[in-house]
Amino acid sequence: MKFTSRLKTVFNCSLERAFKTPFLCDVSKVHTGYGLMPRVTYCTDDKDWGNPGAVKKVFVAKSISHKGGFASTDKIIERIENQYWKIEVSDFQTWMLGFTRFVGEWKTTEINPDKIEVTYTYTLHAGNPLLYPFNYLFAKLFWRVYMKRVVKNIRNMIENEEPYQFS
């Protein structure tokens with residue numbers, strides 16, 4: 001079963017900045033944790049990050065849901081320059097309410113120069129029918145709030161012109 005959360009927002013910046021910041025800047029400044037979600041501390045095996053097919057291991061701080069350390073694997077499924085990213089988060093190292101993977105999408109559309117609409121979507125894949133009511137609530141309530149926090153962090157990074165770590 002799939003559960004989807006979607007947000008739309010507008011960034012006042014260049015198309016390139018709105019497209020690249022969430023994926024090519026320091027991910028520990030994007031995913032700073034919230035409630036059950038631990039903050040990302042660093043990634044490894046990321047030398048090809050930014051290219052379709054690239055995979056990296058994500059490490060997180062200790063939290064109520066994770067002992068800290070290796071947490072998951074991120075993979076870039078698709079990248080269409082200045083338009084669209086599709087990534088997959090999988091290989092969870094802790095129980096995630098029966099979720100098997102998350103698929104994130106980031107679509108940028110130029111409204112006019114320095115005004116970019118972003119459609120941010122996450123599809124959470126679950127495999128245990130007994131947990132579907134909890135999966136639904138997690139996706140529609142908790143994950144949506146978490147996505148808003150991520151967008152706020154990205155907005156701050158855009159305003160501060162954070163440097164890209166990958167190309």
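This passage walks through the charged, polar and nonpolar features of a predicted model.

The model is a prediction, in which local features need pLDDT of at least 70 and side-chain atom pairs count only at pLDDT 80 or more, while totals for chains, interfaces and linings use all residues. Residues are numbered from 1 along each chain as its sequence is written, and side-chain values use heavy atoms, with hydrogens and water left out.

A good place to begin is the surface. R6, K8, K107, K140, R144 and K148 form a positive surface patch. Two elements give two or more residues to this patch, namely strand 1 (2-11) and helix 2 (132-159). Helix 2 provides the largest share, 3 residues. For orientation, helices (H or I, at least four residues) and strands (E, at least two) are DSSP runs, numbered from the N terminus. Patches are made of residues with over 30% relative accessible area and no salt bridge, with like charges joined within 9 Å and nonpolar side chains (Val, Leu, Ile, Met, Phe, Trp, Tyr) within 5 Å. Lys and Arg count as positive and Asp and Glu as negative, whereas His and the chain ends are not counted. The place of a charge is taken as NZ of Lys, CZ of Arg, CG of Asp or CD of Glu. Accessible areas come from the Shrake-Rupley method with a 1.4 Å probe, and for residues only the protein chains shown count as cover.

One member of the positive patch, K148, is located in helix 2. K148 counts as partly exposed because its relative accessibility is 47%; the class lies between buried (under 20% relative accessible area) and exposed (over 50%), with a 1.4 Å probe and protein chains only. Another member of the patch, R6, has a side chain in polar contact with the side chain of T121, at 3.0 Å. A polar contact is a pair of N or O atoms within 3.5 Å; within protein, one must be able to donate a hydrogen and the other to accept it, and residues adjacent in sequence count only if both atoms are side-chain atoms. T121 belongs to strand 7 (residues 115-126) and is buried, at 4% relative accessibility.

Helix 2 also contains Y136. Together with L137 and L141, Y136 makes a nonpolar surface patch of about 310 Å². Y136 has a relative accessible area of 44% and is therefore partly exposed.

Attention now turns to pairs of opposite charge. The structure holds 6 salt bridges, each a side-chain nitrogen of Lys or Arg within 4 Å of a carboxyl oxygen of Asp or Glu. One of them joins the side chains of E16 and K20, at 3.8 Å from N to O. These partners are separated by about one helical turn because E16 and K20 are 4 residues apart in helix 1 (residues 15-24). E16 is partly exposed at 38% relative accessibility, whereas K20 is buried at 16%.

A further salt bridge pairs K29 with E162, where the closest N and O atoms are 2.9 Å apart. This pair links distant parts of the chain, 133 residues apart: K29 sits in the loop between helix 1 and strand 2 (40-44), and E162 in the segment after helix 2. K29 is partly exposed, with a relative accessible area of 37%, while E162 is buried at 16% relative accessibility.

E88 and R101 also form a salt bridge, with 3.0 Å between the closest N and O atoms. E88 is in strand 5 (residues 84-90) and R101 in strand 6 (residues 99-112), so the bridge ties together parts that are 13 residues apart in sequence. With a relative accessible area of 18%, E88 is buried; R101, at 30% relative accessibility, is partly exposed.

Helix 1 offers one more polar detail. T21 is found in this helix and is buried, with a relative accessible area of 0%. A polar atom of the T21 side chain lies 2.8 Å from the backbone oxygen of R17.

Two C-alpha separations help to place other residues. K57, in strand 3 (residues 55-60), is partly exposed with a relative accessible area of 36%. The C-alpha atoms of K57 and H125 are 20 Å apart, with their positions 68 residues apart along the chain. E81, in the loop between strand 4 (69-80) and strand 5, is partly exposed with a relative accessible area of 39%. E81 and N153 are 72 residues apart in sequence and 22 Å apart in space, C-alpha to C-alpha.
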